[in-house]
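Trainee: Got a minute? I'd like to walk through this one with you.
Mentor: Sure, put it up.

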Amino acid sequence: MAILKLEKYGSPILREKALPVEKVDEEIKELVQNMIETMYAESGVGLAAPQVGVSKRIVVLDTEEQGVIVLINPVIIKKEGELKEEEEGCLSVPEVYSPVKRFSKVTVEAMDLEEKKFRTTQEGLLSIALQHEIDHLNGYLFIDRLSPARRLMLKGDLENIE
Ligand code: NI
């Protein structure tokens, strides 16, 4: 296993729409293991494949109750609860934090490493993390969801990211 290099703000791959995984082969399994190791090493709650330079629709999420959930080709099929603002950050946008509005509860359908479809419903911080990671698969960063005024406030910090 290996810790992978993180793509940072400004890297074009973070702006691409990631491609679906057709088949969970050994290469994908190894990538997932390395993503999990990288997530732990960086103390992240979640990680999306484009963040490690792979434009594929894969997310790993660290939950306390169910351990690490691997989501391949995840799709949000239900958004519930109120929109809540919580402070967010991102391993690819270091040292930048801002409140973002997200749904308090989401249900996601995805494929696991055995290519079986499953659904997971998450609330609270894990709901936020899931929405944040799935945004990565579509080329969005949390800063895209801020008001223009807030983004302007972060402009200096963003320019400092290398
Ligand atoms: Ni992120």
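Mentor: Start with a term: a nonpolar core is a set of buried Ala, Val, Leu, Ile, Met, Phe, Trp, Tyr and Cys residues joined through side-chain atoms within 4.5 Å. Keep in mind that this is a predicted model.

Trainee: OK. How many residues are in the largest nonpolar core?
Mentor: It has 18 residues. Val32, Met35, Ile58 and Val60 have the most contacts inside it.

Trainee: Which elements give two or more residues to this core?
Mentor: H1, S2 and S3 do. H1 gives the largest share, 6 residues.

Trainee: What does valine 32 touch?
Mentor: Ile58, Val60, Val70 and Leu113, leaving aside residues up to four places away in sequence.

Trainee: What other core is there?
Mentor: Another one, of 14 residues, lies apart from the largest core. Val106, Ala110, Leu126 and Leu130 are among its members.

Trainee: Is there a general reason to look for such clusters?
Mentor: In soluble globular proteins, nonpolar side chains tend to be buried together.

Trainee: Switching to the sheet. What is the strand order?
Mentor: S1-S2-S3-S4-S5. It is an open sheet of 5 strands, and the pairing is antiparallel.

Trainee: Which strands are at the edges?
Mentor: Strand S1, residues 46-48, and strand S5, residues 117-123. Each of them pairs on one side only.

Trainee: And what does the twist average?
Mentor: 45° from one strand to the next.

Trainee: How many bridges join S1 to S2?
Mentor: 3, with the two strands running antiparallel. S2 covers residues 58-63. Leucine 47 has valine 60 in S2 as its bridge partner. Val60 also appears among the residues with the most contacts in the largest core.

Trainee: How many bridges are there between S3 and S4?
Mentor: 13, again antiparallel. A hairpin connects S3 to S4 through 2 residues.

Trainee: And how many residues sit between S4 and S5?
Mentor: 5, in another hairpin. Glutamate 115 in that turn has a positive phi of about 65°. S4 and S5 pair over 7 bridges, in the antiparallel sense. One example is lysine 105, whose bridge partner in S5 is glutamate 123.

Trainee: Where does helix H1 lie?
Mentor: Across S1, S2 and S3. H1 spans residues 26-41 and runs at about 45° to S2.

Trainee: What does H2 touch?
Mentor: S1, S2, S3, S4 and S5, as H2 packs on the sheet. H2 is residues 124-137, and its direction makes about 95° with that of S4.

Trainee: Now charges. How many salt bridges does the count come to?
Mentor: The count is 8. The cut-off is a side-chain nitrogen of Lys or Arg within 4 Å of a carboxyl oxygen of Asp or Glu.

Trainee: Which residue does arginine 150 meet?
Mentor: Glutamate 85, at 3.1 Å from N to O. This pair links distant parts of the chain, 65 residues apart: arginine 150 is in helix H3, residues 148-159, and glutamate 85 is in strand S3. Glutamate 85 also stands opposite lysine 101 in S4.

Trainee: Are those two buried or exposed?
Mentor: Partly exposed in both cases. Arginine 150 has 29% relative accessibility, and glutamate 85 has 40%.

Trainee: What about glutamate 88: which residue does it pair with?
Mentor: Arginine 102, with the closest N and O atoms 2.9 Å apart. Glutamate 88 sits in strand S3 and arginine 102 in strand S4, 14 residues apart.

Trainee: Why does glutamate 88 count as buried?
Mentor: Because its relative accessible area is 4%, and buried means under 20%. Arginine 102 is also at 4%, so it counts as buried.

Trainee: Which residues are linked in a network of salt bridges?
Mentor: Glu88, Arg102, Asp135 and Arg145.

Trainee: Last one. What does glutamate 159 pair with?
Mentor: Lysine 155, at 3.4 Å between the closest N and O atoms. The two lie in helix H3, 4 residues apart, about one turn of the helix. Glutamate 159 is exposed at 56%, whereas lysine 155 is partly exposed at 46%.

Note on methods: Residues numbered from 1 in each chain as written. Predicted model: local features only at pLDDT ≥ 70, side-chain atom pairs only at ≥ 80, totals over all residues. Heavy atoms only, no water. Pairing = 2+ DSSP bridges. Axes fitted to C-alpha atoms, helices over the stretch in contact; angles between N-to-C directions. Contact = heavy atoms within 4.5 Å. Buried < 20%, exposed > 50% of the residue type's maximum accessible area, 1.4 Å probe, protein only.
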